[in-house]
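User: Please take a close look at a single part of this model, the interface of chain B and chain A, and set it beside the surroundings of the DNA.

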2 protein chains.
Amino acid sequence: MKKIDIFKKLRTSGLRPTKQRVEIAKFLFDRDKTFHFTVESLNKLLEKKTTSKFALATIYNTVHAFKDAGHLSEVEVRGKKTYFDTNVSNHHHFYDSETSELIDINANEVVIQKIPKAPNGKKIKNIEVFINLKN
Amino acid sequence: MKKIDIFKKLRTSGLRPTKQRVEIAKFLFDRDKTFHFTVESLNKLLEKKTTSKFALATIYNTVHAFKDAGHLSEVEVRGKKTYFDTNVSNHHHFYDSETSELIDINANEVVIQKIPKAPNGKKIKNIEVFINLKN
DNA sequence: TTTATAGTTTATAACGATTCTAAAGTGAAA
DNA sequence: TTTCACTTTAGAATCGTTATAAACTATAAA
């Protein structure tokens, strides 16, 4: 991902490119593979990888702005912390509760043959398949 | 469900049949259809339907004991509150985010044709299909 | 029955994740 | 450069949940 794309992510999220936001955006989006994180884990990683400091509120604000703009998705995980995903395409997840680790499953790796009709007056927005793992 | 079943639920959960617990168990299990709730919603309903008073801690403790004994299941829902379900069989859910309402889907109403292999060394514990609804 | 005791309820404190606040700081247009 | 709306920040507040400790109660032995 080019530097210009980082600024595009920020611009399309309605965010001015401040030092912190550029660092966060680079950290999140300048990578090849999907990245799953919580605000807490992101904060720790940012502290390690950069020289800047980040207030938790800044990370929350920025992550939510990216999410609202569709650059991050929130993953359905039971538990206290909210998990985010840089993969915003339609896809599914393995969840390893031993390690609290999420693993992406491409949409085409799951084929659903039969699904019930949505209740009266409602439509199906999306289908999430969640595969819990054990050892 | 007969009264004796209520006491069985309590006994098999390692709980003495106190006034509060009997009320909670009756409220949860003496019904024909699946019931979804959060601790907060359960508390409000108990206040309305019974003359007893319940400390929140009592409801938390009792609900968790039922869950640990397998009489309640916890549902995967994004958000702060924990949702419980009196349906403990293997099944799936619709979720209507407009009303925060969960609707059960019987396991046989969903047929999955293709699923990826579990990652190295891991096994699949269970598969949860979550269908988000919109209007 | 009474009594002893292990288990229970309760109000409140503590907790952890998240959100809010208000003051100090900063980017960008004029 | 100056101005001002937008940002960052530290810390307070909030929300759901869990822990605590004192008062209460079911149970079973005496």
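Analyst: A polar contact is a pair of N or O atoms within 3.5 Å; within protein, one of the two must be able to donate a hydrogen and the other to accept it, and residues adjacent in sequence count only if both atoms are side-chain atoms. By this rule, 21 residue pairs, both members at pLDDT 80 or more, are in polar contact across the interface of chain B and chain A. The model is predicted: local features need pLDDT of at least 70, side-chain atom pairs count only at pLDDT 80 or more, and totals for chains, interfaces and linings use all residues. Residues are numbered from 1 along each chain as its sequence is written, chains are lettered from A and ligands numbered from 1 in the order in which they are written, and side-chain values use heavy atoms, with hydrogens and water left out.

With contact meaning heavy atoms within 4.5 Å, 38 residues of chain B meet 38 residues of chain A. About 3,600 Å² is buried between the two chains, and carbon and sulfur atoms give 54% of that area; buried area is the accessible area (1.4 Å probe) that two parts lose on being put together, summed over both. The interface also holds 3 salt bridges, each a side-chain nitrogen of Lys or Arg within 4 Å of a carboxyl oxygen of Asp or Glu. In the salt bridge between K122(B) and D96(A), the closest N and O atoms are 2.7 Å apart.

On the side of chain B that touches chain A, β2 (73-75), β4 (91-96), β5 (101-106), β6 (111-114) and β7 (123-134) each supply at least two residues; strands here are DSSP runs (E, at least two residues), numbered from the N terminus. The largest share, 12 residues, comes from β7(B).

Turning to the DNA, 19 residues surround strand D, the closest being T18(A), Q20(A), Y60(B), H64(B) and T82(B); a residue is near the strand if one of its heavy atoms lies within 4 Å of it. Of the strand D atoms within 4 Å of the protein, 85% belong to sugar or phosphate and the rest to bases. A side-chain N or O atom of Y60(B) is 2.7 Å from a phosphate oxygen of DNA strand D, while a polar backbone atom of T82(B) lies 2.8 Å from a phosphate oxygen. R21(A) places a polar side-chain atom 2.8 Å from a sugar or linking oxygen of the strand.

Technical notes
Helices (H or I, at least four residues) and strands (E, at least two) are DSSP runs, numbered from the N terminus.
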